[in-house]
Amino acid sequence: MVLLPAMLSVLGSGAVVEQVLGDGLATRVLLPCVFLLAVAYVSKRALQHLQPAEAKYPPYISSPIPFLGHAVAFGKSPVEFLENAYEKYGPVFSFTMVGKTFTYLLGSDSAALLFNSKNEDLNAEEVYSRLTTPVFGKGVAYDVPHPVFLEQKKMLKTGLNIAQFKGHVHAIEEETKTYFERWGESGERNLFEALSELIILTASHCLHGKEIRGQLNEKVAELYADLDAGFTHAAWLLPGWLPLPSFRRRDRAHKEIKKIFYKVIQARRRSGVRDDDMLQTLIDATYKDGRALTDDEIAGMLLGLLLAGQHTSSTTSAWLGFFLAQDRSLQEECYAEQKAVCGEDLPPLSYDQLKDMNILDRCLKETLRLRPPIMTMMRLAKTPQAIEGYTIPPGHQVCVSPTVNHRLKDIWMDHSTFNPNRYLQENPAAGEKFAYVPFGAGRHRCIGENFAYIQIKTIWSTLLRLFEFDLVDGYFPTINYTTMIHTPNNPVIRYKRRA
Ligand code: HEM
């Protein structure tokens with residue numbers, strides 16, 4: 001459910017158009033749609049200029065290109081686009097992409113408007129649900145009224161507790177050791193691909209339970225991939241009923257995976273055996289009115305949990321790996337920390353030891369500053385919103401960007417330098433409340449932060465014990481802005497097994 005905000009990074013880029021128009025059938029259906037959207041857009045823009053005399057709208061960055069607007073420039077380099085706009089227009093400004101007007105709130109003070117807002121004023125489900133509902137299914141997340149989703153988040157949070165985490169550390173360490181056996185003694189491999197495959201296994205193990213993890217074979221992994229491919233720009237921009245092949249594969253995968261989940265849920269209910277895991281938490285959970293979750297709601301929530309953490313954690317883990325490979329002395333400090341905290345013979349990891357790995361913690365924190373996986377959080381303005389002397393009218397997509405907030409020059413010293421020790425200072429972000437928001441804030445704040453930290457720290461503790469890492473010929477991956485979450489380009493790493 002957090003995958004989609006990052007879609008803004010590529011809206012309207014060449015890739016979108018190719019992706020959308022590459023299919024012959026789609027071309028016939030889509031061209032008329034694009035035409036109609038363009039007409040609707042021109043009329044809407046004309047009407048928008050008739051703003052009430054008393055309302056002062058945020059500065060608008062105009063574009064000579066109708067409908068697409070700034071989509072191409074933004075798609076190429078969203079961070080640069082936003083930073084330049086911040087310099088020129090200040091913290092609040094609007095621009096158009098693909099017929100929609102986006103208003104960015106940059107910097108901590110402006111971001112407060114979004115984080116403190118009520119869902120009735122700045123609405124999340126109207127932005128996110130067309131993407132998430134076909135993937136997770138109906139009755140969960142952004143498909144239900146926000147108060148119901150808040151109840152569901154509370155149920156999920158109950159299952160993400162310290163007692164559970166203690167077991168997770170062991171499970172993740174074992175999965176990591178087993179997975180990386182295939183890497184042999186030394187070589188050069190795609191780190192991001194490996195971590196994505198590993199994290200499906202670890203997340204399924206920890207968040208779904210051993211029965212569902214036990215069924216995770218290659219075929220099921222393919223189903224997850226088809227489902228995951230539902231998080232596309234096309235899915236966000238186009239009506240869900242269009243007969244696109246990727247939509248059909250997504251819908252089929254959704255049904256197949258849910259069938260697997262239903263069987264496991266029903267078997268668990270029938271067996272009467274009570275396991276201490278997330279599945280049991282959801283089977284036992286009730287809404288405030290006493291109603292229990294249906295099998296379909298449980299299955300949808302399990303899917304949401306897995307996919308919310310999948311790309312976010314795998315990209316973050318991969319970037320962390322490259323930051324460590326880039327700085328061998330930091331990597332050795334992290335390895336020394338393993339021994340200092342756990343003992344020279346490096347026994348199996350425990351939750352308490354993981355908590356004491358402060359250097360690794362700071363490295364992860366700094367990775368999330370410079371490479372937050374969610375580049376943009378987005379809401380639809382339902383009511384006029386006052387900010388910095390401007391009024392944002394209803395209908396704007398209101399956005400906050402952790403990526404930009406995390407590197408504002410006036411807030412962060414040496415803003416683009418990877419420096420985990422900056423967190424040893426008392427106020428690394430000049431005391432600004434929303435200067436560091438990789439997990440969001442307010443009503444929609446992430447519930448997976450603690451699990452993500454445990455998962456990534458366990459994986460990297462294990463990897464640091466197994467291997468030494470280097471960049472390949474000094475190449476530090478550039479950022480791929482064409483994916484919804486900004487992944488590393490050509491993410492190949494050099495490794496050698498420790499003696
Ligand atoms: C490095 C890992 C992760 C990052 C950086 C991250 C980031 C975020 C962000 C920025 C939001 C706020 C979205 C918004 O306000 O629009 C969010 C929400 C959320 N995340 Fe995460 N997340 C991570 C991992 C996870 C994991 C592992 C889970 C589940 C176990 C998870 C579950 C959720 C849920 C349920 C929400 C709530 C969405 C809402 O209320 O609208 N996340 N996450």
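## A tour from Asp275 to the cysteines

Start by selecting Asp275, which is partly exposed with a relative accessible area of 26%. Keep in mind as you click around that this is a predicted model. Now add Arg268: the side chains of Asp275 and Arg268 form a salt bridge, 3.9 Å from N to O. What about the burial of Arg268, buried or exposed? Arg268 counts as buried, at 4% relative accessibility.

Don't stop at the pair. Add Lys210, Glu211 and Asp277 to the selection, and you have a salt-bridge network that links these three with Arg268 and Asp275. Across the whole model, the salt bridge count is 28.

Next, go to Arg328 and Asp470. Their side chains meet in another salt bridge, at 2.9 Å from N to O. Colour helix 16 (residues 328-342) and strand 10 (residues 467-471) to see where the partners sit: Arg328 is in the helix and Asp470 in the strand, so this pair ties together parts 142 residues apart in sequence. Arg328 is partly exposed at 29% relative accessible area, and Asp470 is partly exposed, also with 29%.

For a salt bridge inside one element, select helix 8 (residues 162-180), where Glu173 and Lys177 lie 4 residues apart, about one turn of the helix. Residues three or four places apart point the same way because an α-helix has 3.6 residues a turn. The side chains of Glu173 and Lys177 form a salt bridge at 3.9 Å, N to O. Glu173 is buried, with 2% relative accessible area, while Lys177 is partly exposed at 33%.

Time for the largest pocket. Its space comes to about 820 Å³. Which residues should you select to land by its centre? Try Ser196, Ala225, Asp228, Gln310 and His311, which lie nearest the centre among the 31 lining residues. Then show helix 1 (14-21), helix 9 (191-208), helix 11 (218-228) and helix 15 (295-326), since each of these gives at least two residues to the lining. Helix 9 has the largest share, with 6 residues. If you colour the lining by class, you should get 15 nonpolar, 10 polar and 6 charged residues.

Now pick helix 5, residues 108-115. Here 7 of the 8 residues are buried, so the helix is largely enclosed by the rest of the structure. The buried ones to highlight are Ser108, Ser110, Ala111, Ala112, Leu113, Leu114 and Phe115.

Move on to helix 18 (residues 358-370) and pick out Glu366. This glutamate is buried, with a relative accessible area of 0%. Which residues does Glu366 contact, leaving aside neighbours within four places in sequence? Select Thr417, Phe418, Asn419, Pro420, Arg422 and Tyr423 to see them.

Last stop: the cysteines. How many disulfides does the model have? The count is 0. Cys363 is a good one to check: the nearest cysteine sulfur belongs to Cys334 and is 4.0 Å away, and Cys363 is in no disulfide. The cut-off used here for a disulfide is a pair of cysteine sulfur atoms within 2.5 Å. Cys363 is buried at 0% relative accessible area. Finish with Cys342, which is buried with a relative accessible area of 11%.

Key: Residues are numbered from 1 along each chain as its sequence is written. This is a predicted model: local features need pLDDT of at least 70, side-chain atom pairs count only at pLDDT 80 or more; totals for chains, interfaces and linings use all residues. Side-chain values use heavy atoms; hydrogens and water are left out. On a 1 Å grid over the protein atoms alone, a cavity is a set of points where a 1.4 Å probe fits but cannot get out, and a pocket is an open set with protein on both sides within 12 Å along at least five of seven lines; lining residues have an atom within 4 Å of a point. Grid points are joined across faces, edges and corners, and a volume is the space filled by probe spheres set on the points. Ala, Val, Leu, Ile, Met, Phe, Trp, Tyr, Cys and Pro count as nonpolar, Asp, Glu, Lys and Arg as charged, and the others, Gly among them, as polar. Buried means under 20% relative accessible area, exposed over 50%, partly exposed in between (1.4 Å probe, protein chains only). A salt bridge is a side-chain nitrogen of Lys or Arg within 4 Å of a carboxyl oxygen of Asp or Glu. Contact means heavy atoms within 4.5 Å.
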